[in-house]
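The following exercises concern a predicted model. Please work through each task with the sequence and the structure at hand before reading its solution.

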Amino acid sequence: MRHILKPSDLTFEEIRSILNRAAELKTRQKPADRTGLRIGGLFFNPSLRTRVSWEQAAHILGGHCQTLNASSDSWALEFDPEAVMDGNTVECIVEAAGVLGRYFHILGVRAFPGDREWQEEKEEPVLSAFTQHTGIPIVSLEGSMHHPCQSLADQLTMQEHFGNDLSGLNVTLSWAWHPNPLPMAVPNSFALQAAIAGCNLTIACPPGYELDGDLMDEISATSSARGGSVRIAHDQKEGLSNSQVVYMKSWGRKDMWQDKMAERESRKNLRHWILNDDIWSVTDNAKVMHCLPVRRNVVISSSILDSPRSIVKDEAENRLWAQAALIEFLAKQEGVL
Ligand code: CP
């Protein structure tokens, strides 16, 4: 049973094969004939791109996808199988997940981190419960730590612009100011995906906003094995100098995860962490990436988003093709196709 919860749940060779297939599907632009393929999407949080592209990815293959909003389309879930359920929860994960596993061949789940301590949230409690009780492959549609479908699409997008071999590409992941502390799944997965692809990765962020230590160990080990490099820059312009790709994203401090007020205080003097024409000018004519949704003139200036430097809509489109290829890969592994 293969679950795809983070970029490194796929090998380098599997990523190459899936992205080759994604490019092939993109070129053909007509549905394959996989009628009978049943895909589910369960969302504990809002989405535009992921929800639509996950459904349409199933349709590209000729299959069917059913989407559920966890908060409104089903019963309030209990995650503790030993709980005495005399409160607000109506159905236990054991039955709910087990039943969904009888209806679908593959289930995608989106579950952002909650208000637990970061050490608990990083273990992906919701996604782990589904992998434990559903009995079919689970694909993370963004969890606490990772957004593997986004990072697959990000790699496909970089390959379209720089060629299939991304080793040695100078890539900067840059923190950006935002009014709210946001989840870290996108930057975590982009950094790990870039390491798997062998890029020279710079992570530019203010002190205190470094990525998770265990993840950084995995990124460093992966990067060494793939012949890339990793460095951290606490000055944004220095971090962006000579970059060929700049990935802008805001994220919250993990040491202040439960104290949003303190986190906001910590970032109040960091509004200058933005990508505008002045800061972009130090790059090597960089392509600009962001997972979307993006706050214009807060994270990236309109002048950049409305120019050919921005490839954010390519990334969003490529969610379709990467996910279609990933669903096909998993369905073949399961013997469904
Ligand atoms: N990039 C991304 O996951 O977008 P949504 O949150 O709209 O799904």
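**Exercise 1.** Identify which residues surround the ligand, and classify them by character.

*Solution.* Step 1: select residues with a heavy atom within 4 Å of the ligand. In this predicted model, the selection gives Ser 47, Leu 48, Arg 49, Thr 50, Arg 110, His 147, Gln 150, Cys 291, Leu 292 and Arg 319. Step 2: sort this shell by residue type, which yields 3 nonpolar, 4 polar and 3 charged residues.

**Exercise 2.** Determine how far oxygen atoms of the ligand lie from polar side-chain atoms of Ser 47, Thr 50 and His 147, and state what share of the ligand's exposed area the protein buries.

*Solution.* Step 1: apply the cut-off for a polar contact, a pair of N or O atoms within 3.5 Å. Step 2: take the side chains in turn. For Ser 47, an N or O atom of the side chain is 2.6 Å from a ligand oxygen. For Thr 50, the separation between a polar side-chain atom and an oxygen of the ligand is likewise 2.6 Å. For His 147, the corresponding distance is 2.9 Å. Step 3: turn to the surface. The ligand taken alone exposes 250 Å², and 92% of that is buried by the protein.

**Exercise 3.** Locate the ligand relative to the pockets of the protein, and describe the pocket concerned.

*Solution.* Step 1: the ligand sits in the largest pocket, whose volume is about 480 Å³. Step 2: the lining of this pocket comprises 24 residues, and Phe 112, Glu 142, Lys 249, Leu 292 and Pro 293 are those nearest its centre. Step 3: by type, the lining contains 11 nonpolar, 7 polar and 6 charged residues. Step 4: examine the backbone at Leu 292 and Pro 293, where the peptide bond is cis, with omega about 5 degrees. Pro 293 belongs to the loop between β11 (287-289) and α12 (302-305).

**Exercise 4.** Characterise the largest cavity and the backbone of Glu 124, one of its lining residues.

*Solution.* Step 1: the count is 1 cavity of 30 Å³ or more, and the largest cavity holds about 40 Å³ of space. Step 2: its lining divides into 6 nonpolar, 1 polar and 3 charged residues. Helix α5 (residues 125-133) supplies the largest share, 3 residues. Step 3: Glu 124 lies in the loop between α4 (118-121) and α5. Although not a glycine, Glu 124 has a positive phi of about 55 degrees. Step 4: for comparison, most residues other than glycine have a negative phi.

Note on methods:
Residues are numbered from 1 along each chain as its sequence is written. This is a predicted model: local features need pLDDT of at least 70, side-chain atom pairs count only at pLDDT 80 or more; totals for chains, interfaces and linings use all residues. Side-chain values use heavy atoms; hydrogens and water are left out. A polar contact is a pair of N or O atoms within 3.5 Å; within protein, one must be able to donate a hydrogen and the other to accept it, and residues adjacent in sequence count only if both atoms are side-chain atoms. Accessible areas come from the Shrake-Rupley method with a 1.4 Å probe; for residues, only the protein chains shown count as cover. On a 1 Å grid over the protein atoms alone, a cavity is a set of points where a 1.4 Å probe fits but cannot get out, and a pocket is an open set with protein on both sides within 12 Å along at least five of seven lines; lining residues have an atom within 4 Å of a point. A molecule sits in a cavity or pocket if more than half of its atoms lie within 2 Å of its grid points. Ala, Val, Leu, Ile, Met, Phe, Trp, Tyr, Cys and Pro count as nonpolar, Asp, Glu, Lys and Arg as charged, and the others, Gly among them, as polar. Grid points are joined across faces, edges and corners, and a volume is the space filled by probe spheres set on the points. Helices (H or I, at least four residues) and strands (E, at least two) are DSSP runs, numbered from the N terminus.
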